[in-house]
Each structure stands twice: as C-alpha cells, then as structure tokens.
Amino acid sequence: MGAVVGGDAYLLFRLGSRRCALAQAAVREVLPLPRLFRPPALPKPMAGYLNLGGAAVPVVDLAKLFGIATSAEADQALYRHILLIDGPDGHAPLGLLVDRVLDLLRVVPERLRAVAPEATLNGCAIAELETAEGFVHLLAADRLLLSQEAAALAALQEGAAARLAEWSGP
C-alpha cells in the first residue's frame, strides 16, 4: 500500500471497473474473503453471512447493491476482500464485499470535490477524491443502505443469529 502522509486517510477499493473509497475511520477491519454461509432466498445484494466469533455478520456485495456489472471471473475471485464496518444500527458489524482493496492514502481537503446529495441514491457518494489515476467516489458508510434495506437486513440478521444459536448447545 502507498505511503500515508498528511490529510485524512481513505481506503481505496475496486468495484468492477470503478474505484471507490471509504474513510479509514469507518472501516473496522479488512478481511480476506472467507467461505460465506448463504441461505436460500437472500436478496441479490446479500453475499451471505460471515461467522465472526460465533456471530452472524451479514455481508453485502457492494457491486450488486449499486448495480455495477462485474465479470463472472470477478465473482469467483479468490482475492476479494470484506470491509468490516459498523452496521446500520451503529453497533453490530456489517461486511462489505469488494473486488479488491487497492490502497490507503491521505488526501488533503483541497483535493476533495463535493458531490450534491441528490446526485446519488441516498446521498451515499459524498465527494470525489482526486488521485493520480483520476477521481474516486468517496462513499459514506452510514448511507450505503436505504432505510428499508437496513430494516430488511436487521430482520435477516435476527433469523441468522437464531439459527447460529441453535448450534451453540444448551
């Protein structure tokens, strides 16, 4: 990863052919892609659940959530990453499946270009970061899901947690 010098830190990642970023402070951890549990009838953007210390952590495929086309090869890639962030409730973690984490860089505020909230769904892209390779969409972790999606995710999460609890014994 590149040198981190001056400015705010951002984690760059790839979704299909696009490059996006999240504030480093929003990302709890970057994980290699483990085997995910995917029960039947999950919504398409849900990649499945990660068993993290006995807790069922939902994992959302950001490319599918945003409708970004990826090749079948990318869907099967071994080197995809999960970005662990705070979930919609602010406490339980949420995993974001991305094609690849690219870099960690610092960007001074002058190299940010604001994006109007109405320009993106739910105002999830809050700025564009200027990099040597062009502009990168800066996403707001707390605006990735619509309120209805967050509610549906919470209901799915309860079901997954109950199922895992059945395996933990008396």
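The legends below describe an overall view and several close-up views of a predicted model.

**Figure 1. Overall fold of the predicted protein model.** The secondary structure comprises 3 helices and 11 strands. Read from the N terminus, the elements follow the order β-β-β-β-β-α-α-β-β-β-β-β-β-α. The radius of gyration is 16 Å, close to the 15 Å that the globule rule gives for 170 residues, so the protein is as compact as a globular protein of that length. Along the principal axes, the C-alpha atoms occupy a box of roughly 55 × 35 × 30 Å. Of the 170 residues, 38% are buried. Among contacts with a sequence separation of 6 or more, 56% join residues that are 24 or more positions apart.

**Figure 2. The largest nonpolar core and a second, separate core.** In soluble globular proteins, nonpolar side chains tend to be buried together. The largest nonpolar core here has 30 residues, and those that touch the most other members are F13, L15, L22, L62, L83 and L96. Strand 1 (residues 8-15) supplies the largest share of this core, with 4 residues. A second core, separate from this one, has 9 residues, among them A21, L105, A127 and V136.

**Figure 3. Surroundings of F13.** F13 is one of the residues that touch the most other members of the largest nonpolar core. With neighbours within four places in sequence left aside, the contacts of F13 include the run R18, R19, C20, A21 and L22. F13 is also in contact with L62, L83 and V98, as well as R100, V101, L102 and L139. One of these contacts, A21, is listed in the second core.

**Figure 4. The second largest pocket and its lining.** The volume of this pocket is about 250 Å³. The lining consists of 18 residues, of which F66, I68, T120, C124 and L139 are the closest to the pocket centre. At least two lining residues come from each of strand 2 (18-23), helix 1 (62-66) and strand 11 (134-139). By residue class, the lining has 12 nonpolar, 3 polar and 3 charged residues.

**Figure 5. R14 in strand 1.** R14 is partly exposed, with a relative accessible area of 29%. Not counting residues up to four places away in sequence, R14 touches R19, V98, D99, R100 and L102. R14 and A47 are 33 residues apart along the chain, and their C-alpha atoms are separated by 17 Å.

**Figure 6. T131 in strand 10 (residues 125-131).** T131 has a relative accessible area of 12% and is therefore buried, the cut-off being under 20%. Beyond its neighbours within four places in sequence, T131 is in contact with L12, R19 and V136. Of these contacts, V136 is listed in the second core. T131 and L112 lie 19 residues apart in sequence, with a C-alpha to C-alpha distance of 9.7 Å.

**Figure 7. Backbone at A41, in the loop between strand 3 (27-32) and strand 4 (46-52).** Most residues other than glycine have a negative phi. A41 is not a glycine, yet has a positive phi of about 70°. The relative accessibility of A41 is 79%, so this residue counts as exposed.

Conventions. Residues numbered from 1 in each chain as written. Predicted model: local features only at pLDDT ≥ 70, side-chain atom pairs only at ≥ 80, totals over all residues. Heavy atoms only, no water. 1 Å grid on protein atoms, 1.4 Å probe; cavity = no way out; pocket = protein on both sides within 12 Å on 5 of 7 lines; lining within 4 Å. Points joined across faces, edges and corners; volume = space filled by probe spheres on them. Nonpolar A, V, L, I, M, F, W, Y, C, P; charged D, E, K, R; others polar. Core = buried A, V, L, I, M, F, W, Y, C linked by side-chain atoms within 4.5 Å. Buried < 20%, exposed > 50% of the residue type's maximum accessible area, 1.4 Å probe, protein only. Contact = heavy atoms within 4.5 Å. Rg over C-alpha atoms; globule rule 2.2 N^0.38 Å.
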